[in-house]
Amino acid sequence: MKAMIRGNESIAYAFKLARVQVVPAYPITPSTLVPEKISEFIANGEMNAEFIPVESEHSAISAAIGASAKGVRVGTATASQGLALMHEVLFIASGMRLPIVMGIGNRALSAPINIWCDHQDMMSARDTGWMQFYAESNQEGLDLGIMAFKIAEDPRVLLPAMVGLDAFVLTHTVEPVEMPEQKDVDDFLGEFKPNYVILDPKKPATLGAFAFPEHYMEFKYGQWIAMQQAKKVIDEVFEEFENRFGRRYRKVSGEFMEDAEIAIVTMGSMTGTAREFVRKLREKGEKVGLVKITTFRPFPKEELISVLKDVKVVAVMERNISHGFGGAVYAELGSAFVNQPSRPKILDFIVGLGGRDITFKTFEEVYGVAKKAIENDVDEVNWVDVNKEAVLKAEGLL
Amino acid sequence: MYEVRFHGRGGQGAVTAANILAIAAVKQGYHAQAFPYFGVERRGAPVQAFTRIDRERIDLRMNVYEPDAVVVLDPTLMGVVDVTQGLKSGGIILINTSKKPEDFNFPGFKVATVNATEIALKHRLGSQAAPIVNTAILGAYSKAIGNVSVDYVIEAIRENAPAKKEENAMAAKEAYESTILGW
């Protein structure tokens, strides 16, 4: 069945279809519609879950941890400052190995206040031990939302997961989404059966309390191993999903990559516009390909090396910035290649921060620099669609 | 690919109009996408919403800069914003107004008019002071632009109007029949 839904609704439907039992949430633009829609499902009797309205995102994720530790399926949603406010608690969720799934309406961080799209929120949570998936469309938001539970709950993994949907560009855009049948999702996901201690008054136990230096590192190594295992589990779950529902997912997807000399690397909703752009360039005979990263944590190092090793220039386009170095994807992709015998030139393009539209003009500029880089030295980190002159004047440099 | 821009004021239902048009287009077998101008909506402030319609799956995610048609839900906006901005040459401007197409001067474009406010008031959609004209204007869209049939528009309205489903459907039908084409 095809449904016309907004990206936020695809997360709400994923939770409903996954039969999520507890949803603690605090509203924030642009993801407010997720808890709204879920409370509507619950009020209508379409979803049998407990909705916990809390007083902050910090409480939302704390309540999610409590519920997940009881051994039930838990989902929540937030964005931007909300995710930032959760930050210290995010480590507790992953350290306690709780398979919580969280939808993120990817939005810029203040200051200045901005409600629009970029990936700074999730990128700033990169090291919290959560898995990270980025959706290109509302269909991907729904499918990844469902798959995230299966991956997170796998006994080899037991880690929480975030599914990012670009603020407004997806969260508020209505488009057709193939809605899976409840019974198929039930068969696919099965019931969540926690393998480890769950909170039970009859069998008291302490979770995540304290570890001396003699033990702490083993817990961290356990998370490291789980993240390594997740790489394999994600592939298995993507494959099982494809067999059952017919939609193909990969941690990294290459298109038009045969004989490509330049590869554009994207994440999230900009990928669609990039595909149109690359298609047009291919028609003109340009040797350009597109590589989409769907899974950012665990980082798909092997897949990226495999798809990008033979190109001359890689143009990483990303909606985040680590001031003082560059974008996170660029940094990690560079690290992935550092011990390879040969590697492409890797360039970073900072685009679309705070909702600045990523248009064909953006791609043209990126492609122009990438093409020049085949023979020449160019800047490694490039800011695109920015009024640099105004900024340099304000900083007293012009 | 056919791209439509809706101009309205917060509260008039421009965003819902764009959504329902996309839903109707999909019912007719097209692919479609609808989104608001990603702003902070306030009642009465100028708002924009967009619909893309195509035979193929729509990958494009950037804003609409050169629409094929614009739909103006509130004629008082025309003194405030340039509704023809980026409009393709020969593109259609559909205006909710009591005036006739010949009362407007938009060289190089086609003008169609409909009195959606009167129709909305007649069916008590919204309040006397702030009628909700979006369903009426969608009926007029079918007449003026014609790529999405009024039957699918009405079906989409019936399924998606939060209240007064029949009145909204009637409003669309009446607007369809009373739209004046200036070409």
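This report walks through two strands of chain A, one exposed loop residue and the contact between chains A and B.

The model is predicted, so local features need pLDDT of at least 70 and side-chain atom pairs count only at pLDDT 80 or more, while totals for chains, interfaces and linings use all residues. Residues are numbered from 1 along each chain as its sequence is written, with chains lettered from A and ligands numbered from 1 in the order in which they are written.

Let's start with β11(A). Helices (H or I, at least four residues) and strands (E, at least two) are DSSP runs, numbered from the N terminus. Strand β11 of chain A covers residues 288-293, and 6 of its 6 residues are buried; buried here stands for 20 or more other C-beta atoms within 10 Å of a residue's own, exposed for 12 or fewer, and partly exposed for values in between, with C-beta atoms placed from the backbone. Val288(A), Leu290(A) and Lys292(A) point one way, and Gly289(A), Val291(A) and Ile293(A) the other way.

Next comes β6(A), residues 131-134, which is covered on both faces. Met131(A) and Phe133(A) are buried on one side, Gln132(A) and Tyr134(A) on the other.

The pairings of these two strands are listed below; strands pair if DSSP finds at least two bridges between them.

| Strands | Sense and bridges | Opposite residues |
|---|---|---|
| β9(A) and β11(A) | antiparallel, 4 bridges | Ser253(A) and Lys292(A) |
| β10(A) and β11(A) | parallel, 5 bridges | Ile264(A) and Leu290(A) |
| β6(A) and β7(A) | parallel, 4 bridges | Phe133(A) and Val163(A) |
| β6(A) and β12(A) | antiparallel, 2 bridges | Gln132(A) and Arg297(A) |

From β10(A), the chain passes through helix α9 (residues 270-283) to β11(A) in a right-handed β-α-β crossover. Right-handed says that, with the strands pointing away from the viewer, the path from the first strand over the helix to the second runs clockwise. A right-handed β-α-β unit is also made by β6(A), helix α6 (residues 138-153) and β7(A).

Now for a loop residue. Ser56(A) sits between β3 (50-53) and α3 (57-69) of chain A, and counts as exposed because it has 12 C-beta neighbours inside 10 Å. Beyond its neighbours within four places in sequence, Ser56(A) is in contact with Tyr26(A) and Leu85(A), contact being C-beta atoms, placed from the backbone, within 7 Å.

Finally, the two chains meet: 15 residues of chain B are in contact with 20 residues of chain A. On the chain B side, α1 (14-27) and β2 (31-36) each supply at least two residues, and β2(B) gives the most, with 5 residues.
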